Amino acid sequence: MRNILAALLTAALCLGLAACGPAPEPEPTPEFALACYPEAGFHPITGSNRTNLALGGLLYEGLFALDGQFQPQEALCASSSVSADGLQWSFIPRSGVTFSDGSPLTAAEIAASLNLARTSPLYSARFAGVTDIAAANGMVTVTLSRANGALPALLDIPIVKETGGVPLGTGPYVLAGTGENLALEARSDWWQGSGSLPVQEIR
């Protein structure tokens, strides 16, 4: 019994002395790198390079996002409503959301992105029953030729702000740099909070 007690006291003393020593060196921050093809462009709606399109989820967000059960959850949409006949949907943008240049998200940019998607090979099939998309009075209205209760699930389409180059997004990262020095940098002003991001830069 005395031997066991002595062993425990020795172990406790060693642990106590170790706690008084110098602090351990911090673990180095892991570096992450993703493939991309700058010459193919990064437009998430009109682009065709699959590798570059895969980066879109880090830069852009849609009105809705699909959860693990493929159910639509509001993202850039604060609220939605549908007419009694099911032919007209109205979507109100979430307030406090900004693009990576600091400009606020507007209904006009949402409507423009959805109208662009109507002509895109990537997304045009989703709009087969859509006759009009318009922005007015701070909301986006989508008019259908036939009722479609699943419309929100089809609207996880990236919302962009056109710049003439790589469009801006509302997502957690922004594309920075040029040529071989491109990187995705975490946004400090992301509306969902950048504290939850696992890394601050992805080369």
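Which helix and which strand each supply at least two residues of the lining of the largest pocket? The legends below begin with that pocket; the model shown is predicted.

**View 1. Lining of the largest pocket, with α3 and β1.** The elements that each give at least two lining residues are α3 (56-59) and β1 (64-66). Of these, β1 makes the largest contribution to the lining, with three residues. The pocket encloses about 270 Å³ of space. Its lining consists of 18 residues, and those nearest the centre are Gly 57, Tyr 60, Glu 61, Gly 62 and Asp 156. Sorted by class, the lining comprises twelve nonpolar, four polar and two charged residues.

**View 2. The one cavity of 30 Å³ or more.** A single cavity reaches that volume in the structure. The largest cavity has a volume of about 70 Å³. Leucines in its lining are Leu 34, Leu 55, Leu 175, Leu 182 and Leu 184. Cys 36, Phe 42, Ala 183, Ile 202 and Arg 203 also line the cavity. Nine of the lining residues are nonpolar, one is charged and none is polar. The charged residue is Arg 203.

**View 3. Strands β7, β8 and β9.** Strand β7 (residues 173-176) runs antiparallel to strand β8 (residues 183-186), and four bridges join the two. Leu 175 has Leu 184 of β8 opposite it; both leucines also belong to the lining of the largest cavity. Six residues separate β7 from β8 in this hairpin, and within the turn Gly 177 has a positive phi of about 90°. Strand β9 (residues 201-202) is likewise antiparallel to β8, joined to it by two bridges. Glu 185 has Glu 201 of β9 as its bridge partner. Ile 202, listed above in the cavity lining, lies in β9.

**View 4. Helix α4 and its buried residues.** Helix α4 spans residues 107-118, twelve in number. From first C-alpha to last, α4 reaches 17 Å, close to the 16 Å expected at 1.5 Å a residue. Which residues of α4 are buried? They are Ala 107, Glu 109, Ile 110, Ala 111, Ser 113, Leu 114 and Ala 117. An α-helix has 3.6 residues a turn, so residues three or four places apart point the same way. Ala 107, Ile 110, Leu 114 and Ala 117 are among the buried residues that follow such a spacing. The buried residues of α4 pack against three strands: β4 (88-93), β5 (130-136) and β6 (139-144).

Definitions and conventions: Residues are numbered from 1 along each chain as its sequence is written. This is a predicted model: local features need pLDDT of at least 70, side-chain atom pairs count only at pLDDT 80 or more; totals for chains, interfaces and linings use all residues. Side-chain values use heavy atoms; hydrogens and water are left out. On a 1 Å grid over the protein atoms alone, a cavity is a set of points where a 1.4 Å probe fits but cannot get out, and a pocket is an open set with protein on both sides within 12 Å along at least five of seven lines; lining residues have an atom within 4 Å of a point. Grid points are joined across faces, edges and corners, and a volume is the space filled by probe spheres set on the points. The expected span of a helix is 1.5 Å times one less than its number of residues. Buried means under 20% relative accessible area, exposed over 50%, partly exposed in between (1.4 Å probe, protein chains only). Contact means heavy atoms within 4.5 Å. Two strands pair if DSSP finds at least two bridges between them.
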